[in-house]
2 protein chains.
Amino acid sequence: MKAINVIQEKSGSSLTIDEAPTPEPAPHEILVQIKATAINRADLLQRKGGYDPPQGASPILGLEMAGIVEEVGSKATKWNPGDRVFGLLAGGGYAEYCTIHEDMAMGIPNNLSFKEAAAIPETFLTAFQALDWLGKLQNQETVLIHAAGSGVGTSAIQLAHRLYDARIIGTAGKQHKLKTAEALGAAYAYNYKKQNYAEKIIEDIGSDSIDLVIDFIGKPYWHKNMEVLAMDGRVVYLSFLGGHKLEGVSLVPILRKRLSILGSTLRNRSEQYKIDLTKDFAEKTLDLFGKGALHPVIDSTYDWSNTEEAHQRMQDNKNTGKIVLMGM
Amino acid sequence: MKAINVIQEKSGSSLTIDEAPTPEPAPHEILVQIKATAINRADLLQRKGGYDPPQGASPILGLEMAGIVEEVGSKATKWNPGDRVFGLLAGGGYAEYCTIHEDMAMGIPNNLSFKEAAAIPETFLTAFQALDWLGKLQNQETVLIHAAGSGVGTSAIQLAHRLYDARIIGTAGKQHKLKTAEALGAAYAYNYKKQNYAEKIIEDIGSDSIDLVIDFIGKPYWHKNMEVLAMDGRVVYLSFLGGHKLEGVSLVPILRKRLSILGSTLRNRSEQYKIDLTKDFAEKTLDLFGKGALHPVIDSTYDWSNTEEAHQRMQDNKNTGKIVLMGM
């Protein structure tokens with residue numbers, strides 16, 4: 001099969017479409033012909049050598065896909081050749097074929113294209129894990145979602161809105177990202193470049209009002225998050241795009257407000273964890289995707305021969321929602 | 001009734017036994033004649049004006065008691081006058097009588113004296129909440145318990161040992177406290193004054209080996225805790241006796257090890273929370289107390305006319321286990 005290969009050079013890394021061995025499905029796996037995959041920030045790190053794939057995973061880039069079942073493993077019973085499936089991968093999405101555990105594949109709702117389905121798994125499962133499994137978001141709680149225009153951000157806003165009827169506050173640095181956040185269900189959207197979001201929250205909603213924060217930023221937001229969190233509040237960290245070194249931190253709010261500070265990633269979880277998460281997610285959301293109440297926010301689509309350009313767009317922080325690769 | 005009154009003076013506060021109105025049981029409460037109460041660090045803060053009782057609670061010091069049911073409220077059905085009960089109070093233990101919700105009172109196992117029963121609620125419920133409800137300690141996990149010679153520390157070691165068959169590491173600053181920790185079930189006990197406990201843990205058990213830390217110390221232990229925590233590890237903060245201001249903190253371990261940093265107190269929880277916690281605790285532990293498999297560690301007993309002296313002993317950090325007041 002063809003797959004995208006990373007070539008390390010002195011001046012950086014470059015991408016090229018090369019031949020690679022077609023994977024063979026293990027007994028409980030299926031072989032999928034990939035119709036679309038999508039880009040994640042982890043791909044950008046991995047090609048620089050900064051984020052190795054977990055043990056046993058394909059070294060090929062790509063953490064999600066949508067496609068057609070080509071072949072089923074000897075003990076796989078859930079799918080038939082020709083079925084349209086999508087799901088999370090530990091690696092291997094930038095290729096013509098991939099294998100996936102039959103329980104980690106989800107059936108694509110009829111109303112969704114491969115392009116749309118490929119844009120769902122990584123961001124929606126990450127957002128679902130953060131809001132539900134880790135953040136224990138309760139019905140009608142108030143949630144603050146940073147990087148509200150990102151793939152995970154737009155997914156988290158939709159899930160918080162549709163599954164928990166939450167009061168949602170988003171932050172982003174660009175006007176059109178704030179508009180997207182509001183269109184998806186955010187009651188308030190603040191431009192962190194122009195406004196102190198903690199002051200705005202206290203003004204608009206009240207102090208100690210945030211039950212859950214989904215944070216990708218880290219350092220610049222620690223103190224403000226502590227300020228606005230409510231009693232029994234939770235912070236879920238998914239990355240530290242703004243840095244991770246803090247000075248002058250007081251632990252007092254953690255005790256006084258009985259806070260939970262949580263960190264998580266999805267990729268290095270066990271296969272069983274991902275299977276359980278996928279099942280829970282599918283039960284709670286596939287109907288809503290089928291009805292159009294949930295939908296992936298797609299920024300742009302590139303032919304996979306232009307993956308370099310697609311990566312550059314994410315590197316430059318220009319995307320609102322997912323960047324999809326097609327044409328394998 | 002008689003109760004201990006705090007008198008604020010320029011040179012500090014003093015304690016005196018005065019007359020106070022005998023409380024009246026609300027419909028679901030019982031009136032208890034107190035036979036013994038025990039001292040908590042919160043009492044020392046409260047008498048200095050640094051830890052106000054929660055709304056609706058008695059302003060009298062004292063967070064736990066054991067005694068005899070004197071009278072039952074109009075809708076209370078669980079107890080009869082003469083029953084031996086013990087339990088957690090939001091305040092009011094340093095007195096001849098107190099009221100308590102009937103569901104927050106527990107029956108004293110036959111083998112336990114009032115003195116012993118009064119030494120149980122605050123430390124064991126705090127330890128149980130930290131290990132079980134917050135820390136989600138699993139069978140045979142490894143738990144690091146700081147201040148291992150304290151009331152909560154000695155309770156946590158016993159619960160971790162008897163309820164979860166955990167591998168337990170204790171830290172304390174005095175040799176006899178370390179011996180107590182080992183006698184109660186700690187596999188390793190380190191003197192933090194003489195040893196770097198993180199280095200010792202890595203040497204004796206391995207790196208990234210601690211599933212749960214119960215910490216009362218705060219600042220001096222943050223980095224060492226981060227060092228020894230395992231994947232999916234948890235830290236539960238119950239106080240910051242060593243300070244709360246951190247410099248040069250990296251958030252990276254929180255993400256890389258998928259950590260949970262949790263803070264909690266027991267006193268300012270809702271009555272319903274305390275009732276639920278008490279019920280769960282009673283179900284899981286009263287049999288073990290009855291068989292002697294769990295027992296309060298009692299440091300010393302004072303007549304309540306000598307409460308000042310008893311407070312001084314705790315202030316000086318001289319106690320291993322609980323200090324009990326009797327003679328009301």
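Two residues are in contact if their C-beta atoms, placed from the backbone, lie within 7 Å. Keep that in mind for this tour of a predicted model.

**Stop 1: where the chains touch**

Show chains A and B together. The contact takes 22 residues from chain A and 22 residues from chain B. Now select the side of chain B that touches chain A. Four elements of chain B each supply at least two residues there: β13 (245-246), β14 (249-250), α8 (252-256) and β15 (260-263). The largest share, four residues, comes from β15(B). Colour this side of chain B by class: 11 residues are nonpolar, eight are polar and three are charged.

**Stop 2: the strands at the join**

Select β15(A) and β15(B). They run antiparallel, and three bridges join them. Which residue of β15(B) is the bridge partner of A:Ser260? Pick B:Leu262, and you have it.

**Stop 3: the whole sheet**

Strands of a sheet pair through backbone hydrogen bonds, either parallel or antiparallel. Now show the strands of both chains. An open sheet of 12 strands appears, with mixed pairing. Follow the order: β10(A)-β9(A)-β8(A)-β11(A)-β12(A)-β15(A)-β15(B)-β12(B)-β11(B)-β8(B)-β9(B)-β10(B). At the edges stand β10 (188-191) of chain A and β10 (188-191) of chain B. Each has a single partner strand, so one side of each is left without a neighbour in the sheet. From one strand to the next, the twist averages 15°.

**Stop 4: a parallel pair**

Stay in chain A. Select β12 (residues 229-237) and β15 (residues 260-263) of chain A; they pair in the parallel sense over four bridges. Find A:Tyr237, and look opposite it for A:Gly263 in β15(A).

**Stop 5: helices on the sheet**

Add helix α4 (residues 151-164) of chain A. This helix packs on the sheet, touching β8 (142-145), β9 (167-172) and β11 (210-215) of chain A. The direction of α4(A) makes about 170° with that of β9(A). Next, add helix α5 (residues 175-184) of chain A, which packs on the sheet and touches β9 and β10 of chain A. The direction of α5(A) makes about 165° with that of β9(A).

**Stop 6: two helices crossing**

Select helix α3 (residues 121-134) of chain A along with α4(A). Their axes come within 8 Å and cross at roughly 55°. The two helices are therefore oblique to each other. The crossing is right-handed.

Now show side chains. Residues of α3(A), including A:Phe124, A:Phe128 and A:Leu131, meet residues of α4(A), among them A:Val152, A:Ala156 and A:Leu159. By class, this contact has nine nonpolar, four polar and no charged residues.

Key. Residues are numbered from 1 along each chain as its sequence is written. Chains are lettered from A and ligands numbered from 1 in the order in which they are written. This is a predicted model: local features need pLDDT of at least 70, side-chain atom pairs count only at pLDDT 80 or more; totals for chains, interfaces and linings use all residues. Two strands pair if DSSP finds at least two bridges between them. Axes are lines fitted to C-alpha atoms, for helices over the stretch in contact, and angles run from 0 to 180 degrees between N-to-C directions. Angles under 35 degrees count as roughly parallel, over 145 as roughly antiparallel, 65 to 115 as roughly perpendicular and the rest as oblique. A crossing is left-handed if the near helix is turned anticlockwise from the far one by less than a right angle, and right-handed if clockwise. Ala, Val, Leu, Ile, Met, Phe, Trp, Tyr, Cys and Pro count as nonpolar, Asp, Glu, Lys and Arg as charged, and the others, Gly among them, as polar.
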